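Visitor: I'm new to this one, and I'd like a close look at a single part. Could you pick one pair of neighbouring helices, walk me through how they pack, and then work outwards from there?

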Amino acid sequence: MCAAACAGAAAWLSAIGDPLTWRARSTFTTGDAVPFAPGWAGDLRCRLARRFRREWLCLPVSVLPALLGGSPLPLLVGAIAVPVVGRRLRAAEARRVKERGVDAVIALCGGLAGELRAGCQPGQALLAVARATGALGGAEAAVLAAARFGGDVPAQLRRASRQPGAGGLAGLAACWRVSVDGGAGLAAGVDRLETALRGEREQREGLRAQLAGAWSTVVILALLPVVGLALGSALGAGPLRVLLHTPAGLSCLLVGGLLEAAGLSWAVRIVQAGARS
C-alpha cells in the first residue's frame, strides 16, 4: 500500500511539474525568465524546489499506513521507495528537458528560414532568432560569437547539438556547411529541416496518445491493492493489522508485493517495447 501510494504521488508530481520547469519553459517560449508566481509565494516555492527533492515526500506518505497499521514496516518501505521514485522523477524531467529542446530547435529553424526569406544574411538571421528561442542553450555565446565575427558556425552548431533535445542542430550545421561551401540556398534547406523535425515530433506525440490507454491500465493495476485494502478497512476487517502483525499476513504481504512488482515491471516493459517499435 505504501509503495503504491508513493508511486501515485510521484506520478502526480511529474504531471504538475515544478517551478523550475515552468521557469525554463517560459524562458524557451519568450526569451525572458518569468517568475512562477507573483510575490513572495512564488519566490518561496522556487527556493523550496531547489532545496528539497520531491521523492522525499514518500516518507510523509508512508506515515499514514504506519499509523493505521501500528507498524514501522511502511516507513521502511517508504525509505526504500525514495531512491526508486527519485530515479523515475529524474528520468521524467530529463524527458521533458529533451522535448523542450526539440521544440526550441524547431522554433529556431522556422524563425531562421523566415529571416532568410526576408533578405537577412545567415549570420544576422541567426543572431536575430537564436536568443528568442533559446535553442542553443549553454553553447549560445560560442555560436553567436562565431556568427558575428565570421567564425566556424557549423562546428559550433555541431557542438551545441550534443545538448539534450538539440540533435536537430547537427542538421542545421550540415545545411549551413553546404550553403557556405556549395552556394546552395540556406533557406530551403532550413525549411526542409524544420518540416522533418516537426514531422518527427508529431509522430512521437501520436504514439504517446496511442499509448495513453495502456499506461492508464498499468496505473489502475498498480492501485488495485490499495483499493482492496481500503475496502477491507471500510468493512471493518482490519487488513493492515493482519498483514503487518501475523506470520500469515506478512507472508502474503511479501508474496503479493513480489507479484505486484513483477506484474508492473512486465506491463511497463510491454508498453515501452511498443513505444520503441
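Guide: Let's start with α6 and α7, in what is a predicted model. These two helices pack at an angle of about 155 degrees, and an angle over 145 degrees counts as roughly antiparallel, so α6 and α7 are roughly antiparallel to each other. To find them, look at residues 140-149 for α7, with the axes of α6 and α7 8 Å apart. The crossing of α6 past α7 is left-handed.

Now for the residues that do the touching. On the α6 side you'll find Gly123, Leu126, Leu127, Ala130 and Arg131, and they meet Glu140, Val143, Leu144, Ala147 and Arg148 of α7. Sorted by class, that contact holds six nonpolar residues, one polar and three charged.

Next, turn to the other partner of α6, the helix α5. Here α6 covers residues 122-133, and α5 packs with it at about 145 degrees, the axes being 9 Å apart. This time the crossing is right-handed. From α5 come Ala104, Ala107, Leu108, Gly111, Leu112, Glu115 and Leu116, while α6 brings Pro122, Ala125, Leu126, Ala128, Val129, Ala130 and Thr133. That contact has eleven nonpolar residues, two polar and one charged.

One residue of α6 is worth a stop: Ala125, which sits in this helix. Is Ala125 buried or exposed? Its relative accessibility is 0%, so Ala125 counts as buried. Leaving out residues up to four places away in sequence, Ala125 touches Leu112, Glu115, Leu116 and Cys120. Take Glu115 from that group: ten residues separate Glu115 and Ala125 along the chain, and their C-alpha atoms are 5.4 Å apart.

You may have spotted Leu126 in both lists, facing α7 and facing α5. Leu126 also turns up in the largest nonpolar core, a set of 33 residues, where Leu108, Leu126, Leu136, Leu157, Leu169 and Leu172 have the most contacts inside the core. At least two residues of this core come from each of α5, α6, α7, α8 (153-160), α9 (168-182) and α10 (186-234). The helix that gives the most is α5, with nine residues.

Leu169 shows how parts of the chain meet in there. Not counting neighbours within four places in sequence, Leu169 is in contact with Val105, Leu108, Ala135, Leu136, Leu157, Ala160 and Ser161.

Follow α5 back to another contact, and you reach α4. Helix α4 spans residues 58-69 and α5 spans residues 73-117; their axes come within 8 Å and cross at roughly 155 degrees. As with the pair we began with, α4 and α5 are therefore roughly antiparallel to each other. Their crossing is right-handed. In this contact, α4 offers Cys58, Leu59, Ser62, Val63, Pro65 and Ala66, and α5 offers Pro74, Leu75, Gly78, Ala79, Ala81, Val82 and Val85. Eleven of these residues are nonpolar and two are polar, with no charged ones.

Finally, step back to the whole chain. There are twelve helices and zero strands. Of the chain's 277 residues, 34% count as buried. Among contacts with a separation of 6 or more, 58% join residues 24 or more positions apart.

How values were computed: Residues are numbered from 1 along each chain as its sequence is written. This is a predicted model: local features need pLDDT of at least 70, side-chain atom pairs count only at pLDDT 80 or more; totals for chains, interfaces and linings use all residues. Side-chain values use heavy atoms; hydrogens and water are left out. Axes are lines fitted to C-alpha atoms, for helices over the stretch in contact, and angles run from 0 to 180 degrees between N-to-C directions. Helices (H or I, at least four residues) and strands (E, at least two) are DSSP runs, numbered from the N terminus. Angles under 35 degrees count as roughly parallel, over 145 as roughly antiparallel, 65 to 115 as roughly perpendicular and the rest as oblique. A crossing is left-handed if the near helix is turned anticlockwise from the far one by less than a right angle, and right-handed if clockwise. Contact means heavy atoms within 4.5 Å. Ala, Val, Leu, Ile, Met, Phe, Trp, Tyr, Cys and Pro count as nonpolar, Asp, Glu, Lys and Arg as charged, and the others, Gly among them, as polar. A nonpolar core is a set of buried Ala, Val, Leu, Ile, Met, Phe, Trp, Tyr and Cys residues joined through side-chain atoms within 4.5 Å. Buried means under 20% relative accessible area, exposed over 50%, partly exposed in between (1.4 Å probe, protein chains only).
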